[in-house]
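Colleague: I should like to learn how to read strand pairing and cysteine pairs in a model. Could we work through an example together?

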Amino acid sequence: MTSSGQLNRHIVVRFAPSPNGLLHLGHAYAAMVAHDFARQHAGRFLLRIEDIDSGRSRSEFVEAIENDLRWLGLDWDGDVIFQSERLASYAAAADRLKAMGLLYPCFCTRSDMRQLWEQGGRPEGPDGPVYAGTCRHLDPQVASKRAAEEPHSWRLDVAKAAAITGPLRWIDERQGERLTQPERLGDVILLPKDMPVAYHLAVTLDDARDGISHVVRGEDLFAATDIHRLLQALLALPTPIYFHHRLLLDDKGEKLSKSRGSASLSVLRAAGEDGYRLVQNLRAGIFPVGISLSQA
């Protein structure tokens, strides 16, 4: 879908949902904020489908995403972008990081991680328990032999990577210049056991490839930006400006999510809700009963 009017191609923003379920009101708010940012700056608004999880992604959800955005009156520019068509580029970047000695195989299972947490062996980070670095300390030869025989993920050695890049900064439109602290998230997984690539690596590469000038997304991803900035420096990628917007919360103060069973936009549409009016209300700060905006 292509919008009309003269575009400022220096401003490029994206909305990047995963097709593993139906969009809910939180997605509508996120899409609206990104869309409006692009349009207010006469820029481009891209739709990117994060479908690298082949086990959960469904074509019917892709169609539903497109239909929901049209119903909301949020048009996008150009063709829809699919992460699943970029697997070779993710693999190439991972190989580059391996050649730099920055990735190591991790054999820890979910049970291992849970046991470490219960024993108090995993410190708490901004996104939850931080990996204790168990497999980082394995002898390289032992790790290499095990990697040839056992299922494993690949983790980023954050301390080693940060030592290479030195101090890094990035800018958030709401909170100003930030000094990265990637160690707070620990050695994140970049190549999972059961997927071709993890979110952190894929989104960093995609934003660079798509020429994203401003990453407009929810504040729940604020801390993750430190990892993304680190990867940008390691892979010589440009650093966009960030805008982490507030989130819609339910009546328990929890963010809306698929996993919590938040009502889908299709339910609202079936109930006779007008999508255009819904977006107008969201812009005006008028939310359905039980829905609120997180604190500034």
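Colleague: What is the order of the three strands in the open sheet, and how are they paired?

Modeller: Please note that this model is predicted. In general, the strands of a sheet pair through backbone hydrogen bonds, in either a parallel or an antiparallel manner. Here the order of the open sheet is S4-S7-S10, and the pairing is antiparallel. Strand S4 (103-106) and strand S10 (189-191) are the edge strands, each pairing on one side only. Ignoring direction, neighbouring strands of this sheet are turned by 45° against each other on average.

Colleague: How many bridges join S4 to strand S7?

Modeller: Four bridges link S4 with S7, which comprises residues 153-156, and the two strands run antiparallel. As for individual positions, tryptophan 154 in S7 has proline 105 opposite to it.

Colleague: Let us turn to the cysteines. How many disulfides does a search of the whole structure find?

Modeller: A disulfide is a covalent bond between the sulfur atoms of two cysteines. In this case the search of the whole structure yields zero disulfides. Cysteine 108 is in no disulfide, its nearest cysteine sulfur being that of cysteine 135, 3.7 Å away.

Colleague: Why is there no bond between the sulfur of cysteine 135 and that of cysteine 108?

Modeller: The cut-off for a disulfide is a pair of cysteine sulfur atoms within 2.5 Å. The closest cysteine sulfur to that of cysteine 135 lies in cysteine 108, and because the separation is 3.7 Å, it is too far for a bond.

Colleague: Is cysteine 108 buried or exposed, and is cysteine 135 buried or exposed?

Modeller: Buried means under 20% relative accessible area. Cysteine 108 has 13% relative accessibility and therefore counts as buried. Cysteine 135, with 7% relative accessibility, also counts as buried.

Terms used
Residues are numbered from 1 along each chain as its sequence is written. This is a predicted model: local features need pLDDT of at least 70, side-chain atom pairs count only at pLDDT 80 or more; totals for chains, interfaces and linings use all residues. Side-chain values use heavy atoms; hydrogens and water are left out. Two strands pair if DSSP finds at least two bridges between them. Axes are lines fitted to C-alpha atoms, for helices over the stretch in contact, and angles run from 0 to 180 degrees between N-to-C directions. Buried means under 20% relative accessible area, exposed over 50%, partly exposed in between (1.4 Å probe, protein chains only).
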